[in-house]
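This report describes one protein, beginning with the whole chain and ending with a single helix. Please look at the sequence and structure before reading on.

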Amino acid sequence: MIGRLNHVAIVVPDLAAAATVYAETLGATVTEPHDLPSHGVTTVFVELPNTKIELLYPLGENSPIAGFLEKNPSGGMHHICYEVDDIYSARDQLKAQGARVLGDGEPKPGAHDKPVLFLHPKDFAGTLVELEQV
């Protein structure tokens, strides 16, 4: 069902500083910040030869990652994203197997304007999982 690893997301307390570390210290290609109001985050992607790192920063007072940053003021890994060919089929198969889909269960456009869903971390060894249709 799952395909390639699309990205690993890291919540950061200072988006510009984190982007600079990846760009200047590690020599990676880093995108410009992109606001995603529907998800309450600002993202920057670090492009790697085999995957991406998504740096996340809260956007607005009701950001779903604000609480994460309060509990982890230095930031940390937030979720892992896997690619799927058909997000509806993947969702239905996972739900049939007892996995919990967060939110209303309907895919929403993600950072790449492709449909995404999040799966409950308690169902996946303590890791928040994002599925992105490719």
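The sections below cover the overall fold, then helix 3 and its two ends.

## Overall make-up

The model is predicted. Its secondary structure consists of three helices and nine strands. Read from the N terminus, the elements follow the order β-α-β-β-β-β-α-β-α-β-β-β.

## Size and surface

The C-alpha trace spans about 45 × 35 × 25 Å along its principal axes. A compact globule of 134 residues would have a radius of gyration near 14 Å, and the 15 Å of this protein agrees with that.

Of the 134 residues, 41% are buried. The protein exposes about 7400 Å², and carbon and sulfur atoms supply 52% of that area. Among contacts between residues at least 6 apart in sequence, 53% join residues at least 24 apart.

## The buried face of helix 3

Which residues of helix 3 are buried? In this helix, which covers residues 87-96, they are Ile87, Ala90, Arg91 and Leu94. Viewed down the helix axis, these buried residues fall within an arc of 100°, so they line one face of helix 3. An α-helix has 3.6 residues a turn, so residues three or four places apart point the same way.

What do the buried residues of helix 3 pack against? Their partners are strand 6 (76-84), strand 8 (115-119) and strand 9 (128-133).

## The ends of helix 3

At the start of helix 3, Asp86 has a side-chain oxygen within 3.0 Å of the backbone nitrogen of Tyr88. Just after the helix, Gly98 takes a positive phi of about 100°.

Definitions and conventions: Residues are numbered from 1 along each chain as its sequence is written. This is a predicted model: local features need pLDDT of at least 70, side-chain atom pairs count only at pLDDT 80 or more; totals for chains, interfaces and linings use all residues. Side-chain values use heavy atoms; hydrogens and water are left out. Buried means under 20% relative accessible area, exposed over 50%, partly exposed in between (1.4 Å probe, protein chains only). Helices (H or I, at least four residues) and strands (E, at least two) are DSSP runs, numbered from the N terminus. The arc is that of the directions from the helix axis to the C-beta atoms. Contact means heavy atoms within 4.5 Å. A polar contact is a pair of N or O atoms within 3.5 Å; within protein, one must be able to donate a hydrogen and the other to accept it, and residues adjacent in sequence count only if both atoms are side-chain atoms. The radius of gyration is taken over C-alpha atoms; the globule rule is 2.2 Å times the number of residues to the power 0.38. Accessible areas come from the Shrake-Rupley method with a 1.4 Å probe; for residues, only the protein chains shown count as cover.
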